[in-house]
Amino acid sequence: MAIKHLSKDSVEPPKVPGSLRFYSMRFCPYAQRVQLILNAKGMPHDTVFIDLSDKPEWYLKIFPAGKVPALIYDDKFLSESLLLADFLDKQYPEPPLQASSPLQTILDKLVIESFGKVGTAFYKLIMTTKEIEKQNFDELVASLIPIETELVERGTKFFGGNKPNMVDYMIWPWFERLDAINPYSNGTFVIPFEDKFPRLAEWKSLMIADKAVAPYYITPEKHAEHFTKRKAGLPAYDI
């Protein structure tokens, strides 16, 4: 199904009764976090995609920051991906996506927080220089070592055990984009998952097949195309 992002002169679509209104952008990893939770929960929702380079006037009126992701719940406007994910898990407890142990919940949140280094290294690699620089690539590869180690130490298929949990869904959007480095660099740079990160390589294959991930998956080639256009100052969001 074609996805159209609404821009400045658009009109807000009518809300769907019985569904959560979700504001998103198809290539935004933070919005993808929330989408994965909605998918995992099987929550009825209607998604409005926002053109972040030409934001609708009606959207700026209800949310002056103009960011995504955002949800409307009980006539309240809610934002920020981690807060939204936590809210949805508590508000709709089945299936639970956080550990029953308070200690394990904190440990999981620390993994998610530490993963920020990977996201920072990735965007530094892709967006801050004209061409990909080896030093930045090596920095990104090094940032994955603690994540591989964490999964090895847990000794499970997913960070959540035998099935994905909040950790898996919160870090997945960046792993989906890591594979775009290959086509983006015309094959010059490839993350050595099989050689250096075998557990993450297995995990990635399982995540791509997950029922919450699969319907929203974008290929590395599409991500690479998006980054190329965005870097050229011509962001294209529709797919």
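## A bridge from α11 to the loop after α8

Let's start with a salt bridge: the side chains of Lys204 and Asp179 pair up at 3.0 Å, N to O. This one connects distant parts of the chain, since Lys204 belongs to helix α11 (residues 198-208) while Asp179 is in the loop between α8 and α9 (181-184), 25 residues apart. Lys204 counts as buried, at 9% relative accessibility, whereas Asp179 is partly exposed at 24%. Keep in mind that this is a predicted model.

## Other salt bridges

The count of salt bridges comes to 15. Another one pairs the side chains of Asp89 and Lys41 at 2.6 Å, N to O. Asp89 sits in helix α3 and Lys41 in helix α1 (residues 29-41), so this bridge ties together parts that are 48 residues apart in sequence. Both ends fall under the 20% cut-off for buried: Asp89 has 8% relative accessibility, and Lys41 has 9%.

Then there's the pair Lys15 and Glu12, whose side chains meet at 3.6 Å, N to O. Here Lys15 is partly exposed, with a relative accessible area of 48%, and Glu12 is partly exposed too, at 25%. Shared partners join Glu12, Lys15, Arg21 and Asp46 into one salt-bridge network.

## Two domains and what lies between them

The protein splits into domain 1 (20-91) and domain 2 (102-232). Their C-alpha centres are 22 Å apart, and the contacts between them involve 19 residues of domain 1 and 20 residues of domain 2.

Now for the largest nonpolar core, which has 72 residues. Tyr169, Phe175, Ile181 and Trp203 have the most contacts inside this core. Helix α8 (residues 166-178) is the top contributor, with nine residues. Because domain 1 and domain 2 both give residues to the core, it lies between them. As a general point, nonpolar side chains in soluble globular proteins tend to be buried together.

What does Tyr169 touch, leaving aside neighbours within four places in sequence? Its contacts are Arg33, Leu36, Ile37, Ala40, Leu97, Pro164, Met207, Asp210, Ala212 and Val213.

## Asp168, a buried acid with no salt bridge

Asp168 is also in helix α8. Which side chain of opposite charge is nearest to Asp168, and how far away is it? That would be Arg154, at 6.7 Å. A salt bridge needs the nitrogen within 4 Å of a carboxyl oxygen, and Asp168 has no such bridge even though it is buried.

What Asp168 does have is polar company. Its side chain makes a polar contact of 2.7 Å with the side chain of Trp203, one of the residues with the most contacts inside the largest core. A polar atom of the Asp168 side chain also lies 2.8 Å from the backbone nitrogen of Asn165. Beyond four places in sequence, Asp168 touches Phe158, Phe159, Gly160, Lys163, Trp203 and Met207. Met207 turns up among the contacts of Tyr169 as well.

## Gln91 on helix α3

Gln91 lies in helix α3 (residues 81-91), the helix that also holds Asp89. Is Gln91 buried or partly exposed? At 36% relative accessibility, Gln91 counts as partly exposed. Its side chain is joined to that of Tyr73 by a polar contact of 2.7 Å.

How values were computed. Residues are numbered from 1 along each chain as its sequence is written. This is a predicted model: local features need pLDDT of at least 70, side-chain atom pairs count only at pLDDT 80 or more; totals for chains, interfaces and linings use all residues. Side-chain values use heavy atoms; hydrogens and water are left out. A nonpolar core is a set of buried Ala, Val, Leu, Ile, Met, Phe, Trp, Tyr and Cys residues joined through side-chain atoms within 4.5 Å. Buried means under 20% relative accessible area, exposed over 50%, partly exposed in between (1.4 Å probe, protein chains only). Helices (H or I, at least four residues) and strands (E, at least two) are DSSP runs, numbered from the N terminus. Domain bounds come from an automatic or database domain assignment. Contact means heavy atoms within 4.5 Å. Lys and Arg count as positive and Asp and Glu as negative; His and the chain ends are not counted. A polar contact is a pair of N or O atoms within 3.5 Å; within protein, one must be able to donate a hydrogen and the other to accept it, and residues adjacent in sequence count only if both atoms are side-chain atoms.
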